[in-house]
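Reader: I am new to this structure and would be grateful for a close look at a single part of it. Please begin with one helix and then follow the chain outward from there.

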Amino acid sequence: MTAMEIRFDTSQTIASLKNNLSVRFGTAAEYMMLKLFNENGEVVANMSDNDAQLGTYNPHDFYVIHIIDLDPSTVNIDNLEEVPKYQISDEAYNQRDDTFRKFKEQQQKLHPDLVKPNKAPVDEEFQREFIEGIQVGNRCKINPGDKRGTVRYVGKIPEAQPGYWVGIELDEPLGKNDGCVKETRYFQTEKNHGIFVRPNSVEIGNFRPYGEDPDEL
């Protein structure tokens, strides 16, 4: 465990320092061994004299006090293999009535449709019928939401779900990318001006940018 920066009075004794650290980190003061490290990670001193003042060891800003826990009853969380684990056989587990397995079986009997089958995989030609009439350079808007922009890409995107996608350069920074999906670029635009949507949410038309349409307030 590493703590944030803590300032200590250099006139306090090491015994007092240990009591302070015990409150913060839980290790009993009598089981603490303290080592002082400099900012380069080098050991400066073993602070073993409980009656000595902290200043005796000449600490500086950003020095680190390392606590070694000597309590024999402390569990080493860095090696969980040493932690004893409770084990139960499947036969004994199945005989118990208070397990999640029994709860799940009861719920499935009461609600047969509780566990639904996985969704069918998306077809590679998904939404092909919706790309008719969508061409690069078309002005468009996205429904719902009425985001407006210009079509910059129509086709499949191997990095995304199967099927067809439309890449749009938005008039406003309301998108999710700059025309790039993972490490593949499909078109170039400014940050957050790019978005990829399914063709059925794209409406083609003479949609001017907001503020340029004389019919809009």
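Author: The account below begins with helix 1 and then turns to loops, strands and salt bridges elsewhere in the chain.

The model is a predicted one. Helix 1 comprises 12 residues, from 14 to 25. At 1.5 Å a residue, a helix of that number of residues should span 16 Å, and the end C-alpha atoms of helix 1 are indeed 16 Å apart, so the expected and the computed span agree.

Which residues of helix 1 are buried? They are Ile-14, Leu-17, Lys-18, Leu-21 and Ser-22. These residues cover an arc of only 140° around the axis, which means that they lie on the same side of helix 1. The general geometry of such a helix is relevant here: an α-helix has 3.6 residues a turn, so residues three or four places apart point the same way. The cover over the buried residues of helix 1 includes strand 1 (32–37), strand 2 (43–47) and strand 3 (64–69).

After helix 1 comes Gly-26, which has a positive phi, near 95°. The loop between helix 1 and strand 1 also holds Tyr-31. With a relative accessibility of 31%, Tyr-31 counts as partly exposed. Together with Met-33 and Leu-70, Tyr-31 forms a nonpolar patch on the surface, and the accessible area of the three together is about 250 Å².

The segment before helix 1 is also connected to another part of the chain. The side chain of Arg-7 meets that of Asp-61 in a salt bridge, at 3.6 Å from N to O. Because Arg-7 belongs to the segment before helix 1 and Asp-61 to the loop between strand 2 and strand 3, the pair ties together parts that are 54 residues apart in sequence. Arg-7 is exposed, its relative accessible area being 64%. The loop between strand 2 and strand 3 contains Asn-58 as well. Asn-58 has a phi near 55°, a positive value in a residue other than glycine. With a relative accessible area of 49%, Asn-58 is partly exposed.

Attention may now pass to strand 4 (139–142), strand 5 (147–156) and the loop between them. Pro-144 is located in the loop between strand 4 and strand 5. The peptide bond that leads from Asn-143 to Pro-144 is cis, with omega near -5°. Asn-143 is also one of the residues touched by Ser-201, along with Lys-141 and Ile-142, when residues up to four places away in sequence are not counted. Ser-201 itself is placed in the loop between strand 9 (194–197) and strand 10 (202–204). Its relative accessible area is 14%, so Ser-201 is buried.

Within strand 5 lies Gly-155. Is Gly-155 buried or exposed? Gly-155 is buried, as its relative accessible area is 8%. Leaving aside residues up to four places away in sequence, Gly-155 touches Gly-163, Tyr-164 and Trp-165. From Gly-155 to Val-166 the separation is 11 residues in sequence, and their C-alpha atoms are 6.6 Å apart in space.

A further residue with positive phi is Asn-192, where the angle is near 65° in a residue other than glycine. Asn-192 is situated in the loop between strand 8 (184–185) and strand 9. A relative accessible area of 30% makes Asn-192 partly exposed.

The account closes with salt bridges. Side chains of opposite charge can pair when their charged atoms come close. How many salt bridges does a search of the whole structure find? The search finds 10. Among them is the pair of Lys-102 and Asp-97, whose side chains meet at 3.6 Å, N to O. Asp-97 counts as exposed, with 65% relative accessibility. Another salt bridge joins Asp-171 to Arg-139, with the closest N and O atoms 2.7 Å apart. This pair links distant parts of the chain, 32 residues apart: Asp-171 is in the loop between strand 6 (164–170) and strand 7 (180–181), and Arg-139 is in strand 4. Asp-171 is partly exposed, with a relative accessible area of 29%. In addition, Glu-125, Arg-128 and Lys-156 are joined into one network by salt bridges that share partners.

Note on methods: Residues are numbered from 1 along each chain as its sequence is written. This is a predicted model: local features need pLDDT of at least 70, side-chain atom pairs count only at pLDDT 80 or more; totals for chains, interfaces and linings use all residues. Side-chain values use heavy atoms; hydrogens and water are left out. Helices (H or I, at least four residues) and strands (E, at least two) are DSSP runs, numbered from the N terminus. The expected span of a helix is 1.5 Å times one less than its number of residues. Buried means under 20% relative accessible area, exposed over 50%, partly exposed in between (1.4 Å probe, protein chains only). The arc is that of the directions from the helix axis to the C-beta atoms. Contact means heavy atoms within 4.5 Å. Patches are made of residues with over 30% relative accessible area and no salt bridge: like charges are joined within 9 Å, nonpolar side chains (Val, Leu, Ile, Met, Phe, Trp, Tyr) within 5 Å. Accessible areas come from the Shrake-Rupley method with a 1.4 Å probe; for residues, only the protein chains shown count as cover. A salt bridge is a side-chain nitrogen of Lys or Arg within 4 Å of a carboxyl oxygen of Asp or Glu.
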